[in-house]
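Me: I am new to this structure and would like a close look at a single part of it. Please take one helix and follow its surroundings outward, step by step.

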Amino acid sequence: MTEITVIKPGMLTTVQDAGRIGYQQYGVPVSGVMDDYAYRASNVLVGNKGGEAVLEVTLMGPALRIERETVLAVTGGDLGPLLNGQPMDAWTSVRVQAGDQISFKSVRSGCRSCIAFAGGIDVPLLMGSRSTYTRGKLGGYRGRALKAGDEITLMTPVMPLEALAGRRMEPRLLETRDPVVVRVVPGPQEDSFSPEGVAAFYREIYQVTTECDRMGCRLEGPVISHLAGADIVSDGIAMGAIQVPGHGRPIVMMADRQTTGGYTKIANVISVDLSRMAQVKPGDRLRFQAVTVEEAQKLLLEEEKEMRQEAQSFGAPSPSAKTPPISTNSHVPPSGRSRNFRVWVNGREYQVRVEERKG
């Protein structure tokens with residue numbers, strides 16, 4: 001049964017979830033949402049358990065007609081959501097009736113929004129995910145962005161609709177400073193750059209070019225110099241990896257990134273700031289700030305705790321993390337030979353002991 005009809009598709013509206021995890025070794029990109037915090041918050045607001053598919057909206061939002069009563073929530077960047085032509089609260093679960101229309105006025109801040117529906121969007125699972133990878137025509141709604149006339153079905157909500165409406169979360173305030181400060185940890189090839197190049201990367205301001213999409217963001221700014229060339233033996237590309245090709249200007253890799261690459265990586269955006277990168281658009285200016293791995297882990301744990309507390313306050317299922325956080329509350333014996341970690345994977349906690357052995 002059709003529950004949503006697409007009247008206008010917007011600039012780029014795709015079905016996304018946490019991503020196609022576990023297939024990069026076969027050359028399959030992860031894809032998934034760009035703004036993981038907004039994605040998880042939207043699912044919490046509509047009572048979903050955390051991994052359900054949503055609509056990801058870019059810059060110019062779609063117009064959707066609701067064909068059957070449901071509850072929805074819009075989070076992420078402020079693209080001016082409207083309900084029947086009137087302003088609609090974001091970061092709030094809203095009950096809508098058959099015949100209602102959802103649309104967007106214009107971008108006020110940020111770049112992308114998530115629209116979650118109670119129960120989640122019902123499209124086929126492909127390699128464990130409902131995410132759309134448009135370049136490969138994989139997953140989502142027929143492997144492509146939505147078009148006018150598309151008909152979307154929803155899965156059954158896990159809670160009654162009357163229990164879901166009216167939930168509200170404090171909006172995550174988007175970075176308003178100019179330049180936007182993005183925190184990073186050193187990359188695996190940081191030693192391939194000259195001291196002057198590394199200093200320039202952290203000192204200078206870089207501007208987002210028009211070559212900015214779900215695959216990555218190419219930046220314009222001062223050249224980052226290498227010691228002996230930019231090429232390396234291809235290795236894996238993490239989300240937020242910052243490649244610097246031979247021309248010396250950085251490229252931040254995002255959700256639809258290739259699985260491997262042969263350019264040096266000077267740094268990697270920390271998990272909690274990937275949402276900031278997801279919300280930048282052409283013309284925005286960035287400055288990179290170095291933090292330690294321990295600081296990045298602490299920030300991730302704090303964000304995870306905040307999200308779990310929000311879910312618990314609504315009596316909702318605990319949302320699963322896209323990037324499982326690793327506790328920094330580990331015990332390191334004097335010998336330094338073993339460590340104990342708490343690891344969350346898909347909402348479940350595991351105790352992991354890592355031992356160092358010679359030979």
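Reply: The buried residues of helix α2 pack against five strands, namely β12 (180–186), β13 (206–212), β16 (241–243), β19 (265–269) and β20 (285–290); the model in which this is seen is a predicted one. Helix α2 itself runs over residues 195–203, and its buried residues are G197, V198, A200 and F201. Because these residues cover an arc of only 160° around the axis, they sit on the same side of α2. The face of the helix that is turned away from this buried side carries the exposed residues P195 and E196.

Among the buried residues of the helix, F201 deserves a longer look. With a relative accessible area of 0%, F201 falls under the 20% limit and therefore counts as buried. The ring of F201 and that of F288 have their centres 4.6 Å apart and their planes at 10°, and so this pair is stacked. Since F201 belongs to helix α2 and F288 to strand β20, the pair ties together parts that are 87 residues apart in sequence. The partner, F288, is buried as well, with a relative accessible area of 2%.

The stacked pair has company, as the structure holds 5 aromatic pairs. In another of them, F201 meets Y202 in an edge-to-face arrangement, with 4.8 Å from centre to centre and 75° between the planes. Taken together, ring pairs link F201, Y202, Y206 and F288 into a cluster.

From the rings one can move on to the nonpolar core. The largest nonpolar core has 28 residues, and those that touch the most other members are I242, I266, M277, L286 and F288. Helix α2 is one of the elements that each supply at least two residues of this core, and the others are β12, β13, β14 (216–220), β19, α3 (274–278) and β20. I242 shows how these pieces meet, for, leaving out residues up to four places away in sequence, I242 touches V184, F201, P250, I251, V252, T264, K265, I266, A267, V269 and F288. Both members of the stacked ring pair, F201 and F288, are thus found among the contacts of I242. Separate from this core there is a second one of 24 residues, which includes V15, V57, V96 and I102.

Two further buried positions lie outside helix α2, and each can be described by its contacts. A255 is placed in the loop between β17 (251–253) and β18 (260–263), and A255 is buried, with a relative accessible area of 0%. Setting aside neighbours within four places in sequence, A255 is in contact with V30, S31, G32, V33, M34, R214 and M239. Between A255 and L274 there are 9.8 Å in space, C-alpha to C-alpha, while in sequence the two are 19 residues apart.

The other position, T75, lies in strand β5 (residues 70–78) and is buried, with a relative accessible area of 1%. The side chain of T75 reaches the backbone oxygen of A38 at 2.7 Å. A38 also appears in the contact list of T75, which, not counting residues up to four places away in sequence, consists of A38, Y39, A41, S42, L45, W91, R112, S113 and C114.

Technical notes: Residues are numbered from 1 along each chain as its sequence is written. This is a predicted model: local features need pLDDT of at least 70, side-chain atom pairs count only at pLDDT 80 or more; totals for chains, interfaces and linings use all residues. Side-chain values use heavy atoms; hydrogens and water are left out. Helices (H or I, at least four residues) and strands (E, at least two) are DSSP runs, numbered from the N terminus. Buried means under 20% relative accessible area, exposed over 50%, partly exposed in between (1.4 Å probe, protein chains only). A polar contact is a pair of N or O atoms within 3.5 Å; within protein, one must be able to donate a hydrogen and the other to accept it, and residues adjacent in sequence count only if both atoms are side-chain atoms. Contact means heavy atoms within 4.5 Å. The arc is that of the directions from the helix axis to the C-beta atoms. Rings of Phe, Tyr and Trp (its six-membered ring) pair if their centres lie within 6.5 Å; planes under 30 degrees apart count as stacked, over 60 as edge-to-face and the rest as tilted. A nonpolar core is a set of buried Ala, Val, Leu, Ile, Met, Phe, Trp, Tyr and Cys residues joined through side-chain atoms within 4.5 Å.
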